Amino acid sequence: MKLNRSGWAAFACALLLSACQQGAETEKDESEEEAPPVPVETSRPVRGDVYAVYSGTAPIESFAEADVIAKVEGEVREILFEEGDEVKAGQVLARLDGDRLRLELNESRARLNKMKRDFERNQELRDKGLLSEGDYEKLRYDLEALEASFNLASLELDYTQIRAPIDGVVSERYIKVGTTIRIGDPAFRVTSFDPLVAYLHVPEREYRHIRAGQPVAIDIDALAGQRVAASVTRISPIVDPETGTFKITIEIRDGERRIKPGMFGRVSIVYDHHEDVLQIPRGAIVEYRGEQTVFVVEDGKAVRRTVQTGYGYNGMVEVTDGLLETDEVITVGQVGLKPDATVAVIE
């Protein structure tokens with residue numbers, strides 16, 4: 001009985017040991033099973049020129065614009081220009097009734113001519129010693145006063161012709177033939193289209209980058225994104241302490257008159273560029289612990305690399321350190337990817 005019990009005990013131990021070994025081998029097989037490869041897309045770094053660009057938005061405005069107001073009261077007799085017509089500075093846009101002013105001018109001219117004749121006669125008397133110096137000076141002052149009155153009447157009569165103050169285009173007409181306008185009433189608005197300007201307010205940290213003469217590209221929304229060339233012409237010498245920005249003026253020359261004041265523009269100012277530098281797509285860069293990194297494929301594995309970057313332009317980023325031209329950079333599938341993960345490159 002003792003031998004039988006010992007044998008059964010040994011047999012039970014052998015079975016238990018065999019079961020434990022089989023369980024360990026099963027766990028080992030499962031752990032050694034590799035995860036499926038992660039599908040990714042890759043591309044090699046390319047060389048090209050990269051530009052440093054400051055971008056902003058601003059409405060397009062006319063450089064010069066003037067409301068033409070009536071300087072005398074009168075009835076509108078004639079309108080010579082309509083909205084959309086080009087005018088030159090000094091051209092007559094409309095004429096007012098000037099009959100009363102014309103009569104006043106004729107009266108002033110008659111008084112002036114009479115005074116001139118009287119003054120000439122009294123000058124002869126003075127030369128002969130028959131007129132005192134005091135009476136002669138009084139006559140001279142009266143003559144000068146009449147000359148001033150005549151000039152004023154002539155000026156007021158000229159004001160019945162409403163003239164353009166600047167070169168440009170009639171953008172608005174406020175008057176109609178037959179209406180009576182008073183002094184100070186607006187008659188026309190004249191807008192200059194050459195040049196057009198855009199005022200951009202730039203953060204003070206960019207002050208050292210912006211200079212007069214830099215090229216500017218403007219995309220106009222109303223023109224289906226057509227790009228227009230312009231340039232920086234003026235930079236404000238002060239920074240607004242409330243907004244922390246400074247104002248720059250951009251001039252736009254548009255001989256075809258496609259751009260109209262009031263249109264909205266997306267402004268890009270190129271302030272620096274690097275030639276023939278290594279670049280990768282911006283989306284390939286992954287932030288990791290405050291550093292810029294990318295994943296490259298080495299022997300079928302994803303390897304994390306820390307890179308130093310420069311300017312970014314048109315979806316590409318300059319890489320100044322950390323990559324070679326022969327590296328295969330993962331551009332799709334890198335988000336959430338772990339280092340040393342097995343990857344399958346998809347063409």
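Me: Which residue lies over the face of Tyr288, and at what distance from the ring centre?
Reply: In this predicted model, Tyr288 is found in strand β16, residues 286-288, and the ring is partly exposed, with a relative accessible area of 30%. Leaving out residues up to four places away in sequence, Tyr288 touches Thr293 and Arg304. The residue that lies over the face of the Tyr288 ring is Arg304, at 3.7 Å from the ring centre.

Me: What separates the C-alpha atoms of Tyr288 and Arg304?
Reply: Arg304 and Tyr288 are in contact, and Arg304 lies over the ring face. Along the chain the two residues are 16 residues apart, and the separation of their C-alpha atoms is 9.7 Å.

Me: Which residue lies over the face of Tyr199?
Reply: Tyr199 is among the contacts of Thr249 when neighbours within four places in sequence are left aside, and Thr249 lies in strand β14. That strand covers residues 245-252. At 4.9 Å from the ring centre of Tyr199, the residue over its face is Lys247.

Me: Is Thr249 buried or exposed, and with what relative accessible area?
Reply: Beyond its neighbours within four places in sequence, Thr249 is in contact with Val197, Ala198, Tyr199, Ser231, Val232, Thr233 and Arg234. A residue counts as buried under 20% relative accessible area. Thr249 is therefore buried, its relative accessible area being 5%.

Me: What geometry does the aromatic pair of Tyr207 and Phe246 have?
Reply: The model holds 2 aromatic pairs, and in this one the ring centres are 4.5 Å apart, with 65° between the planes. Since planes over 60 degrees apart count as edge-to-face, the pair formed by Tyr207 and Phe246 is edge-to-face.

Me: How many residues apart are Tyr207 and Phe246, whose pair links distant parts of the chain?
Reply: Tyr207 sits in the loop between β11 (196-203) and β12 (215-220), whereas Phe246 belongs to strand β14. Tyr207 is partly exposed, with a relative accessible area of 33%, while Phe246 is buried, at 1%. Along the chain, the two partners are 39 residues apart.

Me: Which element supplies the largest share of the largest nonpolar core?
Reply: Nonpolar side chains tend to be buried together in soluble globular proteins. Here the largest nonpolar core has 31 residues, of which Val87, Leu93, Ile162, Ile175, Ile181 and Phe188 touch the most other members. At least two residues each come from β4 (74-79), β6 (92-96), α2 (99-127), α3 (133-158) and β10 (186-191), and the largest share, 7 residues, comes from α3.

Me: How many residues make up the second, separate core?
Reply: Val169, Ala198, Val228 and Phe246 are included in this second core. Phe246 is also a partner in the edge-to-face pair with Tyr207, and Ala198 is among the contacts of Thr249. The number of residues in the second core is 27.

Me: What span from first C-alpha to last does α3 reach?
Reply: Along α3, Tyr136, Leu139, Leu143, Leu146, Phe150, Ala153 and Leu157 are buried, and what covers the buried residues includes α2 and β7 (161-163). Residues three or four places apart in an α-helix point the same way, because there are 3.6 residues a turn. With 26 residues, and close to the 38 Å expected at 1.5 Å a residue, α3 reaches 38 Å.

Me: Which residue just after α2 takes a positive phi?
Reply: The 29 residues of α2 should span 42 Å at 1.5 Å a residue, and the end C-alpha atoms are indeed 42 Å apart. Its buried residues include Leu101, Leu105, Leu112 and Phe119, and also Ser108, Asp118 and Asn122, with α3 included in what covers them. Just after this helix, a positive phi of about 80° is taken by Gly129.

Me: How far apart in space, C-alpha to C-alpha, are Lys301 and Lys338?
Reply: Lys301 lies in strand β18, residues 301-306, and counts as partly exposed at 32% relative accessibility. Not counting residues up to four places away in sequence, Lys301 touches Val296, Asp340, Ala341, Thr342 and Val343. Lys301 and Lys338 are 37 residues apart in sequence, and in space their C-alpha atoms are apart by 9.8 Å.

Notes
Residues numbered from 1 in each chain as written. Predicted model: local features only at pLDDT ≥ 70, side-chain atom pairs only at ≥ 80, totals over all residues. Heavy atoms only, no water. Core = buried A, V, L, I, M, F, W, Y, C linked by side-chain atoms within 4.5 Å. Buried < 20%, exposed > 50% of the residue type's maximum accessible area, 1.4 Å probe, protein only. Helix = DSSP H or I, 4+ residues; strand = E, 2+ residues; numbered from the N terminus. Expected span 1.5 Å × (residues − 1). Contact = heavy atoms within 4.5 Å. Phe/Tyr/Trp six-rings, centres within 6.5 Å; stacked < 30°, edge-to-face > 60°. Lys NZ or Arg CZ within 6 Å of the ring centre and 35° of its normal.
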